[in-house]
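Work through the exercises below on aromatic rings and their surroundings. Each task is followed by a stepwise solution.

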Amino acid sequence: MPNYNAALSYDVARAWDGVPTGFGRYELYVDWNNDGDFSDANEDITDDVLEITCKRGRDFASQLTGKAVAGTMEVSLRNDAGKYSPFNASSALAGSLLPNRKIQLKTSLPTATTIWTGYIEQIQPEVQKGAYTTAKIHALGIFKKFATTDVSVPKQTSIRTGAAIGAVLDAASWGASDRTIDTGETTITRFHFDGGKVLTALRQIEATESGFIRETTDGKIEFEDRRHRLTATASKTSQATFADDGTGFSYMGVRQEDAMSLVYNEFRCSVSTYTVGSLAALWTHPLASTSGTAPLIKAAEAITIRAEYPNITSASNVVGVDTWTTPVATTDYLANAASNGTGTNYTSSLNIGVSKASKTMEITITNNASVDVYLTKLQARGTPITISDPFTIKAEDSTSQTTYGVRTFPRPVEAKWVPTQEEAKSWCLQNLGAHKDPTPVMQLAFNANKSGDTLTQALTRDISDRITVKASTNAKLGINRDFYIESVSHKITAGGLHQTSYTLSDTAGFSGFWVLGSSALGRDTRLTY
């Protein structure tokens, strides 16, 4: 991808290995052969790039209602020779133009920086009369895979939210080197995920912690607990000022979103508790009996039967099994030469293997006898878990309700592991303090080529960083305060023209808390949980 047009006269000094100050050297790579690196032939596609747009972060700039979603990238490529045409058998990439190939945008100048990493979703060649023959690559971040991949996580007790995130990623075979996980402030009393999408499990933990899980520029997963922005240096202190009065980096445009969309003056949070019952038979094979319906197991045959609990006959408040008991001969299973149980007892000839989960136990039965046998009894015992009737904690502000009307925010059902009444109350009070009055939500766009320092900001600022925005002198918005970056977008065109955009949430309701070991005495005075 050309870094700049040498035919044009730029009013800047040449620097950075001949690239004008304020411009960068961009590189785009695709792991076409899926071998985990970008070092093979044709995997550096930089010279074919016409334009790149990419984005990461929340779908809305709010710690309350916004969630990080799969990042997006769209790349426009020259395709005169059909190199990027998937059905072109003469292409140097024939057979490799496939989805799910890793793609990464980087810079080598002014610094070595990774801007975006994800996976190709589709490649679309396009031909227009009198124009370039082009192709477009559409790519998405790892959250796309997590939204379509199933996983189950065994039951765990007294587990911090960070460890629970780790357990989900382990179950999804997402490597430890590809994650950065905060410990978490909430201890989940009883955590399990009985089957579903990876992203669903991650969302439940994120909501319970009131934290933030997101994609990083290099394609990793980062989990920020609810105190992350109170302790991380880049979040505690403003990293840059963008101003309309000449006192900071200039911007091209600033837009204020509807401040009333985040006004809530009544918060509700539900809590349920769990109880472990006594050992009991939780499941019985409906055919394994002496009534003539006993299933046949042939000699040397192995069968796997799945016991499920809760099931259609269970009480409505049963949610799972704390501990399954490995089946015991005679007590839990019987085998006989006759279907009515009057023949030779072959129970001792059965070998039992089990695989236990929070709601299921798979029982593999191998018939080691030299004859066919009938399974005349099979049951699964365990200790059931029941859930209490939920109760709801509420916090409200009457002054805000008088001014704006009652605006209720119930904690989402994803927050299903909130452990105590005290934690529910703290969540309600903290969010009430942050949202009972209007708070600004902003979008900011700036020309990264304005100067070398501006380009450095575009390349180094990240989600959760704190910046200052001044929009009073020319913009007349009356804004002079700090914000958190909630999403980052880049648009880079041929010639190295680079525009960066942020969506921003107000820090006012989520800073100034007292955190042991991090806060300043006499400055940070509000309590957090």
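## Aromatic pairs

A search of the whole structure, a predicted model, gives 13 aromatic pairs.

**Exercise 1.** Classify the pair formed by the rings of Y29 and F38, and state whether each residue is buried or exposed, or in between.

Solution.
- Step 1: the ring centres of Y29 and F38 lie 5.9 Å apart, with the planes at 40 degrees.
- Step 2: planes under 30 degrees apart would count as stacked and over 60 as edge-to-face, so this pair is tilted.
- Step 3: Y29 has 16% relative accessibility and therefore counts as buried.
- Step 4: F38, with a relative accessible area of 22%, is partly exposed.

**Exercise 2.** Do the same for F409 and W427, and locate both residues in the chain.

Solution.
- Step 1: the centres of the F409 and W427 rings are 6.4 Å apart and their planes stand at 40 degrees, so the pair is tilted.
- Step 2: F409 belongs to strand β27 (residues 408–410) and W427 to helix α7 (residues 421–435). With their positions 18 residues apart, the pair links distant parts of the chain.
- Step 3: buried means under 20% relative accessible area. F409 is buried at 11% relative accessibility, and W427 is buried at 4% relative accessible area.

**Exercise 3.** Which residues do ring pairs link into a cluster?

Solution. The cluster consists of F242, F249, F446 and Y502.

**Exercise 4.** Which rings have the charged end of K145 or R229 over them?

Solution.
- Step 1: K145 has its charged end over the ring of Y119, 3.7 Å from the ring's centre.
- Step 2: R229 lies over the face of Y484, and the distance to the ring centre is 4.7 Å.

Definitions and conventions:
Residues are numbered from 1 along each chain as its sequence is written. This is a predicted model: local features need pLDDT of at least 70, side-chain atom pairs count only at pLDDT 80 or more; totals for chains, interfaces and linings use all residues. Side-chain values use heavy atoms; hydrogens and water are left out. Rings of Phe, Tyr and Trp (its six-membered ring) pair if their centres lie within 6.5 Å; planes under 30 degrees apart count as stacked, over 60 as edge-to-face and the rest as tilted. Buried means under 20% relative accessible area, exposed over 50%, partly exposed in between (1.4 Å probe, protein chains only). Helices (H or I, at least four residues) and strands (E, at least two) are DSSP runs, numbered from the N terminus. A charge sits over a ring if NZ of Lys or CZ of Arg is within 6 Å of the ring centre and within 35 degrees of the ring normal.
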